[in-house]
Amino acid sequence: MLGALVAAAATWREAKAYAAAETLVVVSSDGTDSATSAYQGGLLSQQRVKSYVDLVASDRIAAGAVARLGLDMPSRSLQAKIKAEAVPDTVLLRITVTDGDARRAQALADAVGEVFSEAVAQIETPAPDKLPSVRVNVWEKAKLPTEPVSPKPVRAISLGALLGLLVSIGAAVLRQRLDTSVRTDADITAATGLATLGAIAFDTAGARYPLVGPLDAQSARAEAFRQLRTNLRFADVDMPARVILVSSATSAEGKTTTTCNLAIILAQAGARVALVEADLRRPSFREYLGIETAAGLTSVLIGAVDLDDVLLPWGDDGGRLEVLPSGPLPPNPSELLGSRGMGEVLRELSGHFDIVLIDAPPLLPVTDAAVLAAQVDGTLLVVRNGRTRREQLARAAEVLRAVDARVLGVVHNMIPTKGLDAMYYGYPSYSGYTQIRMGPGRRNRHRAVAQQSVVDPGRSGAGHSEGHGEGIRIATQRESTDDPDGAAGGPADDAAESRTMEHPVGGVGAGGDLSAELTTPLALDAKTTGSHRRKR
């Protein structure tokens, strides 16, 4: 397409040119009537024609033609416009003059033919009283051209498109030869020897809403995480992994988003999940989950607080998902993550939760993830399609093998939903398979519900503290979902009903099920009356 466009632009900018052709005949002047003389004269004429081709565009002929027409132009300009050619096996000579004006091209062709005939007569005359041995006569005068010989749009655009196609094919082949990024599961297996446990599609709304919300249950992205959850359970039936580390080769591969969404999907399936932020260099749970990270893992490791004091419930899954944020950033992350205290934290978490997911830094820039990989039950490697290099992935796998880590598999992340890669994973067909019809009133609620409830950490750990029955007050706004078309059906639809739910800290689902109704968080007044800690 680019080649065709360039050719079209060049054709549009090119000036029109007209060509006028005049035909001359070269004859011998031998007056004898014998056949031998006629044959020799024909051969002489053919030989002269070949020589005359180079003489037609000479400066002498061009200057004579310009003088005859009285034109104000240099002879060299006319020389560039003259083209002569001999018709093969004949005594014919064809002169073509090209010019931007059709009538001037005709006049120049006639003038060049006449001047050249006179010049040949002078050259071929042996003596003043003799006849020229060879004469050049005008056989057919130039006709007025009606169509320009250039530009030719169809031919130019076709050649431009063909040239662009050839260049594109060459560039594609060269790119494929030089591209070392991970594109398919075969690339992953070749680089690491590991299986791909999950394939997550690229979502354009992932930057604004990175987490799987309640209304995303039938989306291709949510189904991909459910498949990852299923494959993770069957990765090793004899030795199921309960403490799982999630890392990547380099940064910006989507490991944090993958870890958080996997934790949400596991909690939706009924598992008690602990989500640990072990990235003590660039923590991001505050932005992703909306939680307070002033105290967390580092606070527990230095003995400032107990583990139960910094575990924060998150989401509307009946308290099955709890988050351990990073806490203050330490100057020695690797030493803290490799300490005995970290091992004790992991053992305590695995004793109270079904699954412990740990978000760790990338493997290649720092050694934090390798230190943690030696202490967990298994490690998941996140690979970004089209970004992670095969050599980087292979190096990350070598780092894990060097510390004798158990690698469960690879998560292929951010797979495009269009193109060959999408067809390879079947995302276009799946998106049509899971399409849900929504009324106009419900279609705009995705953004509101996708924002998960934010819980202030100022409370005791759920299920781990005794003697604290106080609850968390969450102000919510109820949205009516009775009318499928979203039309106002009564006073409850015109004005949102504000209410307060009491959700005790000590039990799961006690005091009301937060997921029983579709609610949108409005405000939060989290207090632990009578707690032994101050509210942060």
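Trainee: What makes S7 and strand S9 (residues 321-324) count as a pair in this predicted model?

Mentor: Two strands pair if DSSP finds at least two bridges between them, and S7 and S9 are joined by four bridges in the parallel sense, so the requirement is met. One of these partnerships is that of Val276 with Leu324 in S9. The word strand has its own rule: strands (E, at least two residues) and helices (H or I, at least four) are DSSP runs, numbered from the N terminus. As for the conventions, residues are numbered from 1 along each chain as its sequence is written. Because the model is predicted, local features need pLDDT of at least 70 and side-chain atom pairs count only at pLDDT 80 or more, whereas totals for chains, interfaces and linings use all residues, and side-chain values use heavy atoms, with hydrogens and water left out.

Trainee: Which residues of S10 stand opposite Ala274 and Val276?

Mentor: Ala274 faces Val356, and Val276 faces Ile358. S7 and S10 (residues 355-359) pair in the parallel sense over five bridges, which satisfies the same rule. S10 also pairs in the parallel sense with strand S6 (residues 243-248), over four bridges, and there Val243 has Val356 as its bridge partner.

Trainee: Why is S10 called largely enclosed?

Mentor: Buried means under 20% relative accessible area, while exposed means over 50% and partly exposed lies in between (1.4 Å probe, protein chains only). Five of the five residues of S10 are buried, so the rest of the structure largely encloses this strand. In a regular strand the side chains alternate between the two faces of the sheet. In S10, Ile355, Leu357 and Asp359 lie on one side and Val356 and Ile358 on the other, and all of them are buried.

Trainee: What makes S7 mostly covered?

Mentor: S7 (residues 273-277) has five of its five residues in the buried class. Val273, Leu275 and Glu277 point one way and Ala274 and Val276 the other, and all are buried.

Trainee: How do you know that the length of helix H9 agrees with expectation?

Mentor: The expected span of a helix is 1.5 Å times one less than its number of residues. For the 14 residues of H9 (residues 255-268) this gives 20 Å, and the end C-alpha atoms are 20 Å apart, which agrees. H9 is also mostly covered, with 13 of its 14 residues buried, and just after the helix Gly270 takes a positive phi of about 105°.

Trainee: Why is Asp99 called buried?

Mentor: Asp99, found in strand S3 (residues 92-99), has a relative accessible area of 3%, and that value falls under the cut-off for the buried class.

Trainee: What makes the approach of Asp99 to Arg104 a polar contact?

Mentor: A polar contact is a pair of N or O atoms within 3.5 Å; within protein, one must be able to donate a hydrogen and the other to accept it, and residues adjacent in sequence count only if both atoms are side-chain atoms. The side chains of Asp99 and Arg104 make such a contact at 2.8 Å, and that distance lies within the limit. In the broader sense, where contact means heavy atoms within 4.5 Å, and leaving aside neighbours within four places in sequence, Asp99 touches Ala17, Tyr18, Lys81, Arg104, Ala105 and Leu108.

Trainee: Why are S2 and S4 called edge strands of their sheet?

Mentor: The open sheet has four strands in the order S2-S3-S1-S4, with antiparallel pairing. S2 (82-86) and S4 (134-140) each have a single partner strand, so one side of each is left without a neighbour in the sheet. Within this sheet, S1 (residues 18-28) and S3 pair in the antiparallel sense over eight bridges, and Leu24 stands opposite Leu93 in S3.

Trainee: Why is Pro145 called buried, and which residues does Pro145 contact?

Mentor: Pro145 sits in the loop between S4 and helix H6 (153-178), and its relative accessible area of 12% places Pro145 in the buried class. Beyond neighbours within four places in sequence, Pro145 contacts Tyr18, Ala19, Ala20 and Ala102. The C-alpha atoms of Pro145 and Ala20 are separated by 6.1 Å, although these residues are 125 residues apart along the chain.
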